[in-house]
Amino acid sequence: MPIWLWVLDSLGVLLALVILAVLGLAARRRILARGGSTFDLSVNRKREAPREEGDPRGWTLGIGRYGDSHLEWFRTFSFSPRPVLRLERGHVEVLGRRKPVGSETYALHAGNTIVQCSIDGERELQLALSPQALTGLLAWLESSPPGREVNNVI
């Protein structure tokens, strides 16, 4: 068999694998959406402070899904059915919000707002989401059942 047929067969197999991967990611997104309301949510969990305002490093695109008492975050480009991050409703405090600046705008979805959050008053992370999803997040945080920590929103 000539070498060009081996190359052609290899390219065909690679193309089939890429198509299967894309279909797998789309199916995973549909399955995640069945478990509750989902929305585009990017997270920046960098430990150190950014070197400059608008630093694009550390941002990861993902999908947020609400539960009764928690918000789960899944990476967009992953096949894992488990969330990477889980935020409990009463332990999240919104510290402020801002618009992306500089090269940070290219690392996020268009029109996103960045929200600085504190988790249990110990660690901080940044969330980037659309204005509509931000309204939903703030309403979800404020609407916790009686007896829980509420009004942790600016």
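Helices here are DSSP runs of H or I with at least four residues, strands are E runs of at least two, and both are numbered from the N terminus. Counted that way, the protein has three helices and nine strands. Keep in mind that this is a predicted model.

## The overall layout

Reading from the N terminus, the elements go α-β-β-β-β-β-β-β-α-β-β-α. The chain has 154 residues, and 32% of them count as buried. Its exposed surface comes to about 9600 Å², with carbon and sulfur atoms supplying 59% of that. As for how the fold brings sequence positions together, take the contacts with a separation of 6 or more: residues 24 or more positions apart account for 49% of them.

Helix α1 covers residues 3–34, and A27 is found in it. Is A27 buried, exposed or partly exposed? Its relative accessibility is 37%, so A27 counts as partly exposed. A27 also gives a link across the sequence: A27 and F79 are 52 residues apart along the chain, yet their C-alpha atoms are 9.7 Å apart in space.

## The open sheet

Five strands make up an open sheet in the order β3-β2-β9-β8-β7, and the pairing is antiparallel. At the edges stand β3 (59–60) and β7 (92–98); each has a single partner strand, so one side of each has no neighbour in the sheet. Further in, β2 (residues 42–44) pairs with β9 (residues 123–129) in the antiparallel sense, over three bridges. Within that pairing, V43 stands opposite L127 of β9.

Strand β8 spans residues 113–119 and includes T113. T113 has a relative accessible area of 7%, and since anything under 20% is called buried, T113 is buried. Its side chain makes a polar contact with the side chain of K99, at 3.5 Å. If you skip the neighbours within four places in sequence, T113 is in contact with R97, R98, K99, L127, A128, L129, P131 and L134.

## Strand β4 and its partners

Now for β4, residues 62–66. Why is this strand described as largely enclosed by the rest of the structure? Five of its five residues are buried, so the label follows directly. In a regular strand, side chains alternate between the two faces of the sheet. In β4, both faces are covered: G62, G64 and Y66 are buried on one side, and I63 and R65 are buried on the other.

β4 pairs with both β1 and β5, and here is how those pairings look alongside the one between β2 and β9:

| Strands | Sense | Bridges |
|---|---|---|
| β1 (residues 38–40) and β4 | antiparallel | three bridges |
| β4 and β5 (residues 70–75) | antiparallel | five bridges |
| β2 (residues 42–44) and β9 (residues 123–129) | antiparallel | three bridges |

If you want to find your way around at residue level, D40 stands opposite I63 in β4. On the β5 side, R65 has E72 as its bridge partner. The connection from β4 to β5 is a hairpin through three residues.

## The nonpolar core

The largest nonpolar core holds 22 residues, and L41, L71, L127, L129 and L137 are the ones that touch the most other members. Several elements feed into it: β5, β6 (85–88), β7, β8, β9 and α3 (131–142) each supply at least two residues. Which element gives the most to this core? That is α3, with six residues.

L71 makes a handy place to start looking. Apart from neighbours within four places in sequence, L71 is in contact with F39, L41, G64, R65, Y66, L85, R86, L87, L137 and W140.

## The aromatic pieces

By the ring-centre rule, with its cut-off of 6.5 Å, there are two aromatic pairs. In one of them, the rings of Y66 and W140 have centres 5.2 Å apart and planes at 40°, so this pair is tilted. Y66 sits in strand β4 and W140 in helix α3, so the pair ties together parts that are 74 residues apart in sequence. Both Y66 and W140 are buried. Add F39 and you get one aromatic cluster, made of F39, Y66 and W140. F39, Y66 and W140 also appear among the contacts of L71.

Notes: Residues are numbered from 1 along each chain as its sequence is written. This is a predicted model: local features need pLDDT of at least 70, side-chain atom pairs count only at pLDDT 80 or more; totals for chains, interfaces and linings use all residues. Side-chain values use heavy atoms; hydrogens and water are left out. Buried means under 20% relative accessible area, exposed over 50%, partly exposed in between (1.4 Å probe, protein chains only). Two strands pair if DSSP finds at least two bridges between them. A polar contact is a pair of N or O atoms within 3.5 Å; within protein, one must be able to donate a hydrogen and the other to accept it, and residues adjacent in sequence count only if both atoms are side-chain atoms. Contact means heavy atoms within 4.5 Å. A nonpolar core is a set of buried Ala, Val, Leu, Ile, Met, Phe, Trp, Tyr and Cys residues joined through side-chain atoms within 4.5 Å. Rings of Phe, Tyr and Trp (its six-membered ring) pair if their centres lie within 6.5 Å; planes under 30 degrees apart count as stacked, over 60 as edge-to-face and the rest as tilted. Accessible areas come from the Shrake-Rupley method with a 1.4 Å probe; for residues, only the protein chains shown count as cover.
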